[in-house]
Structure formats: C-alpha cells, structure tokens
Amino acid sequence: MNILYTTEAVVEGGRAGHGRSSDGRLAVELSVPKELGGEGGPGTNPEQLFAVGYAACFHSSLLSVARGRKLDAADSTVTADVGIGPTGRGGFGLAVALDLYAPNLSRLDAEELMHRAHALCPYSNATRGNVDVTLRVDGTQLGESDLARNKGGSNPEHDRTSGAA
C-alpha cells in the first residue's frame, strides 16, 4: 500500500486520561462511561471518537460516489452508532450502525450509494471481518450487501460486515 498520509496521537492515562495529536490540532480529555464502570465524567471516549471518524470518512466516500454517478447527495448526513461489549470469547468488540439521511435521493439510489460507499470507505475496509456493521437508510436496515454475498458473508470469520446485523 502506498501511504499518502500518516498521523500520530499520544494518550496518557488510558480511557480516563487525555489524548492529543502530535500536531496539536486535537486535544481531548477522556472519561469512562458509567455503562463501562466509569464515573461518566465530562470527557469523550474512544467510541465517540471512532463514531465521528467513521461517519466522516464514510460520508466522504458516499459523496464521492454520488458525484461520480451524478446523484444529488446535498443535505445528506451519515450517523454512526458505535457500541462496545464483550465478545463472549474473552475480549471486547465493537458493533457499528451507519445510517444515511438523504432527502434528495430515492430510496433505491440511497441504498446503492450506501453499498458502494461501504466498499470504498477506508474505515469499512479496516473493520470488514472484525466489526459487525449494519447499513441503514432513514433508520431502516438494508438487506445483505452484494459485497458480503460475494465474499461469503454467511461465514462470520470471513466477512462479518454486511447490510444485516
């Protein structure tokens, strides 16, 4: 892979500490949510940061695909819900739901853009096979993606990422 950009972040104190990017553009206080046994302090947490990053990257991928197909994705938004919990295998895992609101697109075009963006987005590619990702349009879950079907999406070790949870 030809790396085009690299960033660096440093965290002190883990989930209840603080983090910063090496260029100084990002600095955050971290707090552990009460649901994870923490105090639920005023800081953010890794799941919130991941949700913002994934939603931003996915939406950029979707907008790029829409432009290429001459579809009007203006005023669209992508919401990422990120959950964390025990895997049942001795560790913790993530689950993600990506929801598109696109008032200028037909349901069919919106679904196609979601599937195509999911194939293009670096976050989707990084999580494929490791994180359950559900795709939605206006809160309604999409069916299994062509990508998952073509990769044998029924095999959770091969590709757990699909339009279905």
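Here are three worked exercises on the strands, a loop residue and a surface patch of a predicted model.

Residues count from 1 along each chain as its sequence is written, and side-chain values use heavy atoms, leaving out hydrogens and water. Because this is a predicted model, local features need pLDDT of at least 70 and side-chain atom pairs count only at pLDDT 80 or more, while totals for chains, interfaces and linings use all residues.

**Exercise 1. Trace the pairing of β1, β2 and β3.**

Step 1. Let's start with the terms: strands (E, at least two residues) are DSSP runs numbered from the N terminus, as are helices (H or I, at least four). Two strands pair if DSSP finds at least two bridges between them.

Step 2. Strand β1 (residues 9-12) runs antiparallel to β2, with four bridges. Val-11 sits opposite Gly-19 in β2.

Step 3. β2 is joined to β3 by three bridges, again in the antiparallel sense. Here Arg-20 faces Ala-27 in β3.

Step 4. Now look at the turns. The β1-β2 hairpin has five residues between the strands, and Gly-13 takes a positive phi near 90°. In the β2-β3 hairpin, with five residues between the strands, Gly-24 has a positive phi near 80°.

Step 5. In β2 (residues 18-21), Gly-19 and Ser-21 point to one face and are buried, whereas His-18 and Arg-20 point to the other and are not. Buried means under 20% relative accessible area, exposed over 50%, and partly exposed in between (1.4 Å probe, protein chains only).

**Exercise 2. Describe the surroundings of Thr-44.**

Step 1. Find Thr-44 in the loop between β3 (27-29) and α1 (46-68).

Step 2. Thr-44 counts as buried because its relative accessible area is 17%.

Step 3. List its contacts (heavy atoms within 4.5 Å). Leaving aside residues up to four places away in sequence, Thr-44 touches Val-28, Glu-29, Leu-30, Ser-31 and Leu-49.

**Exercise 3. Place Ile-84 and Phe-92 in the open sheet.**

Step 1. The four strands have the order β4-β5-β6-β7, with mixed pairing. β4 and β7 (140-141) are the edge strands, each pairing on one side only.

Step 2. β4 (residues 77-86) and β5 pair antiparallel over 10 bridges, and Ile-84 stands opposite Leu-94 in β5.

Step 3. On its parallel side, β5 pairs with β6 (residues 132-137) over six bridges. Val-96 stands opposite Val-133 in β6.

Step 4. Phe-92 belongs to β5 (residues 92-101). Phe-92 is exposed because its relative accessibility is 60%.
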